[in-house]
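Time to open the notebook and poke around. I want to look up a pocket and some salt bridges.

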Amino acid sequence: MYEGFMGRMNETSAAAMEIDDEKSQVSDQINPKFSINVLQLVKSAQMQHGLRHGDYTRYRRYCTARLRRLYKSLKFTHGRAKYTRRAITESTVTEVRFLHIVLYTAERAWSHAMEKRQLPDGPNARQRIYLIGRLRKAVKWATLFAQLCAIKGDSRTSFEAEAYANYMKGNFLFEQDQNWDTALSHFRNARAVYEELGKYGDLDNQVLCRERVEELEPSIRYCLHKVGESKIQTSELLDISKMEGPGLDLFRAKLEAIMAEARSQQAVAMMEFCWLGHRFPISNAKTRVAILKAQELEKDLCGSADDSLPAEKRLGIFDKIFAAYHEARSCIRKDLDSAGSAETVKDNLNGLDKAVSAILVQRTIERNQLLVSIAKSKFNKHRDDRGEKITKPEELVRLYDLLIQNTTDLSDLVSSGRDRKPEEVAFSEEYAIKGLAFRAERCFYLAKSYSLAGKRTEAYALYRHARTLADNALQKLQIVSDSYMVVIQDLKLLQSNCRSNSCIEHAAAIMEENVAPEKLSKGISTITLSGAEMKVEKFLLDKLDLYESAVINSNMKEVPRIEAFPPAFQPAPRNPIVLDIAFNLIEFPSLENRMKKDKKGFISRLWR
């Protein structure tokens with residue numbers, strides 16, 4: 001079937017090249033051919049609307065909104081008062097947007113199915129039936145899209161649409177856990193098309209086709225494993241599942257379901273939990289499964305070397321470990337609430353809760369130590385390295401504050417019992433010494449912070465105190481055990497750093513003290529009677545004829561002296577003020593003779 005599909009694809013491409021130019025022009029005028037870069041369109045929509053972070057709900061809502069806009073712009077609505085379904089057929093497709101409607105309908109159904117797949121506890125029986133129904137709907141619309149593109153689209157669009165339909169059919173059968181041969185053939189057909197399309201077009205299209213081929217490869221290998229044609233082990237499948245991409249979510253969900261089933265079978269044999277010489281019985285199956293999941297993740301974390309696994313993935317594994325232990329604690333708390341008055345059961349559950357809480361704090365300390373190592377790697381870089389944010393010493397001080405608090409909490413939790421075993425005492429002493437080492441590191445970076453601020457006396461005192469704390473921690477570590485070579489090496493390095501930095505701070509303070517009278521006399525000499533001081537340093541625009549940098553010190557965060565801003569006020573000429581000084585010297589003539597006189601009669605004169 002695979003060879004027949006490739007032969008049909010080559011024959012179709014050859015036949016398309018042999019068509020006469022005049023006939024093709026006439027046929028294109030009668031039946032226009034539409035062109036859609038299906039993979040690029042789908043990938044762009046997925047990455048921009050949620051699937052970059054695995055948010056299928058957001059992508060489904062985007063598909064719904066996109067379909068609403070397409071229906072409205074094409075005036076292809078299904079009625080207002082009563083719903084009247086309007087089918088999309090060959091005669092309906094007069095614009096490329098009708099093909100977009102079919103494509104986004106398939107994407108909406110697929111994203112809805114994947115949304116149900118990513119439920120916290122997994123889909124139950126009814127939700128799984130709904131999930132398979134949505135995948136069946138996606139296959140239906142993807143098949144219709146391939147049929148319409150074969151008639152209305154050009155050759156490339158037709159091949160991409162057929163590959164998209166094969167991909168959807170393979171996902172549907174993959175989720176159903178049946179017809180592995182048919183699912184394998186669909187995945188292989190889709191891979192063949194994308195491999196062929198990846199040889200042509202622009203660079204972006206080639207990269208997208210290669211990424212889709214890489215996404216299809218794990219599903220093909222899993223189908224071969226189920227068919228029996230491959231001897232691949234489950235551990236190899238787990239390594240494949242670490243790849244990224246939306247197309248691998250079904251594959252990862254399938255493997256997670258297999259691993260959950262394996263954990264459930266393994267949890268039957270797990271009857272108790274051992275911690276620091278204690279044995280706590282576990283009766284709840286959910287608690288056993290959660291603890292087993294956390295222990296498997298811890299093996300993955302401890303089994304990989306520091307350089308082989310990136311820090312981001314290690315942090316992600318820590319988050320999964322925390323989630324598993326929190327789930328176990330919630331199950332234990334529920335069992336405590338329903339334990340009633342059984343004292344023995346309560347004691348065992350309280351001890352198990354204490355053990356799980358202690359391991360949770362211990363993993364938190366390891367995660368914070370990983371964050372400290374990342375911050376230190378950025379702190380030791382030069383200021384000239386651009387592209388990454390340089391760690392400030394205050395950030396390391398904050399991380400060491402968290403580590404000190406975590407070690408204190410762990411010591412209090414372990415020492416809270418009445419009958420303490422030797423393992424618990426040794427564990428508590430070990431983390432007390434680690435807390436002392438963390439305090440020495442915190443004091444060192446606090447001194448770094450004061451040094452950058454120019455406070456030499458405080459920085460010198462803190463460096464000396466950090467060295468004293470490091471000496472005490474080294475003495476206790478050598479007494480307790482010699483197995484902590486990494487911690488001992490770090491403390492010895494801290495000792496040498498404290499000694500060198502304290503000498504530097506001492507010398508810098510002496511130099512500043514010697515230079516201080518000279519600066520004071522220079523500042524006094526620049527003072528004038530008017531109160532204005534002479535400008536000591538010029539700006540860059542004032543010394544363009546000199547080859548001097550505008551940045552005074554590259555290690556200090558100072559503003560480059562290019563030009564004074566805001567500009568200084570400058571005197572500006574203005575129009576002269578004209579005063580009318582002749583106003584008080586002019587005597588105006590009398591205007592009595594020009595005023596209108598009142599004419600009065602004989603009677604009015606008598607009444608004067």
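**Pocket and salt bridges**

By class, I get 22 nonpolar, 7 polar and 9 charged residues in the lining of the second largest pocket. I should jot down that this is a predicted model.

I looked up the volume of this second largest pocket next, and it comes to about 1200 Å³. Its lining has 38 residues, and those closest to the centre are Gln-369, Ser-373, Lys-376, Val-486 and Asp-490. Which elements give two or more residues to the lining? I found helices 12, 13, 14, 15, 16 and 18. Helix 18 gives the largest share, with 9 residues.

Then I turned to salt bridges. Searching the whole structure gave me 20 of them. One is between Glu-215 and Lys-43, with the closest N and O atoms 2.9 Å apart. I checked where the two sit: Glu-215 is in helix 9 and Lys-43 in helix 3, 172 residues apart. Are they buried or exposed? Glu-215 has 7% relative accessibility, so I put it down as buried, and Lys-43 is also buried at 7%.

I tried another pair, Arg-156 and Glu-160, which meet in a salt bridge at 3.5 Å, N to O. They lie about one helical turn from each other, because they are 4 residues apart in helix 7. Arg-156 is partly exposed at 25%, but Glu-160 is buried at 1%.

Last pair: Asp-353 bridges to Arg-329, with 3.7 Å between the closest N and O atoms. This one links helix 14 to helix 13 across 24 residues. Asp-353 counts as buried, at 11% relative accessibility. I also noted a network: salt bridges with shared partners join Lys-43, Arg-212 and Glu-215.

Technical notes
Residues numbered from 1 in each chain as written. Predicted model: local features only at pLDDT ≥ 70, side-chain atom pairs only at ≥ 80, totals over all residues. Heavy atoms only, no water. 1 Å grid on protein atoms, 1.4 Å probe; cavity = no way out; pocket = protein on both sides within 12 Å on 5 of 7 lines; lining within 4 Å. Points joined across faces, edges and corners; volume = space filled by probe spheres on them. Nonpolar A, V, L, I, M, F, W, Y, C, P; charged D, E, K, R; others polar. Salt bridge = Lys/Arg side-chain N within 4 Å of Asp/Glu carboxyl O. Buried < 20%, exposed > 50% of the residue type's maximum accessible area, 1.4 Å probe, protein only.
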